[in-house]
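Thanks, everyone, for making the time. I would like to walk through one model this morning, mostly from the point of view of its charged side chains, and I will give the criteria as we go.

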Amino acid sequence: MAEESTTTTSYRSEKYNPHEIEPKWQRAWDERGIYSIDLASDREKYFFLTMYPYPSGDLHAGHWYAEAPADAAARFKRMRGYNVLFPMGYDAFGLPAENAAIKHGIHPAKWTYKNIERMTRQFKQMGAMFDWSKKIVTCDPEYYKWNQWFFVKMFERGLAYRKESYVNWDPVDKTVLANEQVVDGRGERSGALIERRLMPQWHFKITAYSEELLDFEKLDWPERVKLMQTNWIGRSEGAEVTFQSEEGDDIVVFTTRPDTLWGASFMVLAPEHPLVAKLTRSEYREGVETYVKQTSYLSEIDRQAETKEKTGEFIGAFAINPVNQAKIPIWIADYVMMGYGTGAIMAVPAHDERDFAFARRYDLEVIPVIQPAGEAFDGATMSEAYTGDGVMVRSGPFDGTLAGKEGAGEGIQRVIDWLERQGIGKRRITYRLRDWLISRQRYWGTPIPMLYCDHCGVVAEKEENLPVVLPEDVEFLPTGESPLNHHQEFLNTSCPHCGGQAKRETDTMDTFMDSSWYWFRYLSPHKNDGPVEKDLVRRWTPVDTYTGGIEHAILHLLYARFFTKVLRDLDLIDMDEPFLKLRNQGMILGEDNEKMSKRRGNVVNPDDLVASYGADTVRAYLMFIGPWEQGGPWNSKGIEGISRFLNRVWSLVVEPSIESGGVDEEVCKELRYATHLAIKEVSKDLEGFQFNTAIAELMSLTNTMMKIKSQEVTASAEWREAERSLLLMLAPITPHISEELWERSGHRGSIHLEAWPDHDEEALAQDTIQMAVQVNGKVRGQIHVPQDASREAILEIAKNERNITRHLEGMAMVREIVVPGRLVNLVVKPDKS
């Protein structure tokens, strides 16, 4: 506990001026290094991590909404006695820097580091307690060297491999575009219709961990995030069944409903399926080729959209259903894709809504094979697919068998057993998850450390030659094509195996690679003989709490979990999961309740707000705006309210008191009760990320103190305890004003090195309780009554309360309602007697 100074201050009656106070304390914290932590300390560790930003150039309201409350929660943990690591860095590779290079002629590195410098100043202006000594910047070769090292290790284990995958090809600029460069199916720059082309791409084998990634047992994560990842991984149990074309080509399908096989009335192939060209009859070829071409312009998102009308094209060929030898027509449709399953489906329109809509549009047969007991469906007259449970019919040896989803009947398992005995199918578990396509045809990313040698084939760069550094003397083409394709010094090298001539890979890595392991690097950002410091990793990870937006629920968070498991299997770490607790913030909206955007003119600039109100006011308002996980609209009047609140706190501590003529022991007792109630509630709220209610409690305590402030009360031990506790509880939320008032109150040392106050349960034990008194439903006063007061005694005290008496004059009592411990409601009407 800090000592209290006996020196009297000379700055009473000064007004609160955040523009003097905040820079003063930011400089002091930097000079004293109070936020640089000792990783070897024997205090209990707490790794608190918030998602690092892309260095776009300015911190916007969304950054503040993500980082300031996270900073408050981290500060709270520190005051609770933990040795808190709260680092910050920059996710520095990415397409915007490359676009800036093309548009403005500034090199991506120069643009990026300039933005990092500016954003770091803005973070410090926020008053966040980031430990900048641990900073990482992912575009620094010191960092991305280890991206390349991981890639090589994964290549050696078969977890990194090259295969053909579809990309967005701009036929005018003759380059591959990122998804965000495609607008309404056209190239953002050229305006050309984008084609989906197969090109060799590097992948990480995340599917090798599909089953393990479905285990969330160790994680305190929002259920919504766990459900999103579960659905993305998409585990399905069913059967793989082999159909054949009339020419004898095997066409393998996967189905979760093998009990409906006898109802398959047509087959659908992906337009990209390798059998399409072979099986298409000549008279249908023109229409099929046109449809395939049209499909190549669609993104996967477009093709999978539920609202998109289902279209297709008959190829003139037929397949044989192996369970009943029925001949069924083969179609192609854009909603079937090679990347999912086998690229072919059996269509059972009687029992699948999508297949039913397709069948009705193209007048294809509908064959019901499951129906409720006692009912009979007619495929010709069905108005919708039947997807419920029932009894199998028209299903050969399985007629009468109970069938349905989720194991409702025995049909699924019995049919799979039969398929295996017949040699036409087998039990199978599949996953919707696909391997991570890591290649990007861009410049500003980690170079993939692979080479192409005419003699040795595809080989990895030797570890001692890493990092493969991005050349800086590159020319950015207006087409957006990667300049690495034309940089001869980068391209032409020697094979690390045979010494012969070789070509470097010009693809760079997906930037999600950088964020899949960055938290480990905070522990040893400048280590040059390995990616991680094992002893520190063992001590400090997994991360205790991770915060960030729900939009990262699938890709970043799933890749981070995958990478942690890979590092475990590389014997670099000994854990299975990266982040034990995850908390997501909502979105801060404009005053029009819409997402902030320059186009809408509803953007709130934090720099302007800090210039007007100070960082502490902006921080506190963002925490007060509503439940953090929900977000909410900006409200200019709301921030004014927070400004008034902080001015009241300032006045409470700084301005002199007036004489009141004595100290009321009951008042002091009530103050101590209010103090310890606030400590209890604010502690609970900050632990639960309920920042808005924590601030409401602090406002309540402040109001109580303002009402009773006098020279006599402020001289009491209860007042000193209340004032001290108020400042300590404000410290995580508004660090600058708390530090200033701490000093002005005569305390030595920083408030941010103090311990969090503990509440005293005895102080919360009251002989009396406070109850609201309503007259006709409106609160007209408050009363204090003994804990064990009878109904009659409560009513008597209520009716004799001065303000209540005034509202009862000339009224006749209709009803008297007492809710024990809470309120009294007196229902009255005018007395006409």
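Let me begin with a network of salt bridges that links E212, K218, R561, K565, R568, D569, D576 and E577, where a salt bridge is a side-chain nitrogen of Lys or Arg within 4 Å of a carboxyl oxygen of Asp or Glu. Before going further, I should say that this is a predicted model, in which local features need pLDDT of at least 70 and side-chain atom pairs count only at pLDDT 80 or more, while totals for chains, interfaces and linings use all residues. Residues are numbered from 1 along each chain as its sequence is written, and side-chain values use heavy atoms, with hydrogens and water left out.

As for the overall frame, the chain has 26 helices and 32 strands, these being DSSP runs numbered from the N terminus, with helices as H or I of at least four residues and strands as E of at least two. Along the principal axes, the C-alpha atoms fill a box of roughly 105 × 80 × 50 Å. Of the 833 residues in the chain, 54% are buried, and here buried means under 20% relative accessible area, exposed means over 50%, and partly exposed lies in between, with a 1.4 Å probe and protein chains only.

Back to the charges: how many salt bridges does the structure hold? The count is 52 salt bridges, and I have picked out three pairs to look at individually.

In one of them, the side chains of R440 and D510 meet at 3.3 Å, N to O. Because R440 lies in strand β19 (residues 439–440) and D510 in the loop between β24 (508–509) and α14 (518–521), this pair ties together parts that are 70 residues apart in sequence. R440 is partly exposed at 30% relative accessibility, whereas D510 is buried at 5%.

The next pair is R724 and E754, whose side chains form a salt bridge at 3.3 Å, N to O. R724 sits in helix α23 (residues 717–730) and E754 in the loop between α24 (735–744) and β29 (768–775), so parts 30 residues apart in sequence are tied together by the pair. Both R724 and E754 are buried.

The last pair, E740 and R744, forms a salt bridge at 2.7 Å, N to O. These residues are four apart in helix α24, and E740 and R744 are therefore separated by about one helical turn. E740 has a relative accessible area of 3% and is buried, and R744, at 8%, also counts as buried.

Turning to charges without a salt bridge, which residues form a negative surface patch? They are D664, E665, E666 and E670, under a definition that takes residues with over 30% relative accessible area and no salt bridge and joins like charges within 9 Å. Within that patch, D664 is placed in the loop between α19 (636–654) and α20 (665–687), and D664 is partly exposed at 43% relative accessible area.

Two cysteines deserve a mention as well: C139 is buried at 5% relative accessibility, and C668 is buried at 7%. A search of the whole structure finds zero disulfides, a disulfide being a pair of cysteine sulfur atoms within 2.5 Å.

Finally, S296 lies in helix α9 (residues 285–296) and counts as buried at 14% relative accessibility. S296 and V369 are 73 residues apart in sequence and, from C-alpha to C-alpha, 36 Å apart in space.

Definitions and conventions:
Patch = residues over 30% accessible without salt bridge, like charges linked within 9 Å, V, L, I, M, F, W, Y side chains within 5 Å. Areas by Shrake-Rupley, 256 points an atom, 1.4 Å probe, with all protein chains shown as cover. Lys, Arg positive; Asp, Glu negative; His and termini not counted. Charge placed at Lys NZ, Arg CZ, Asp CG, Glu CD.
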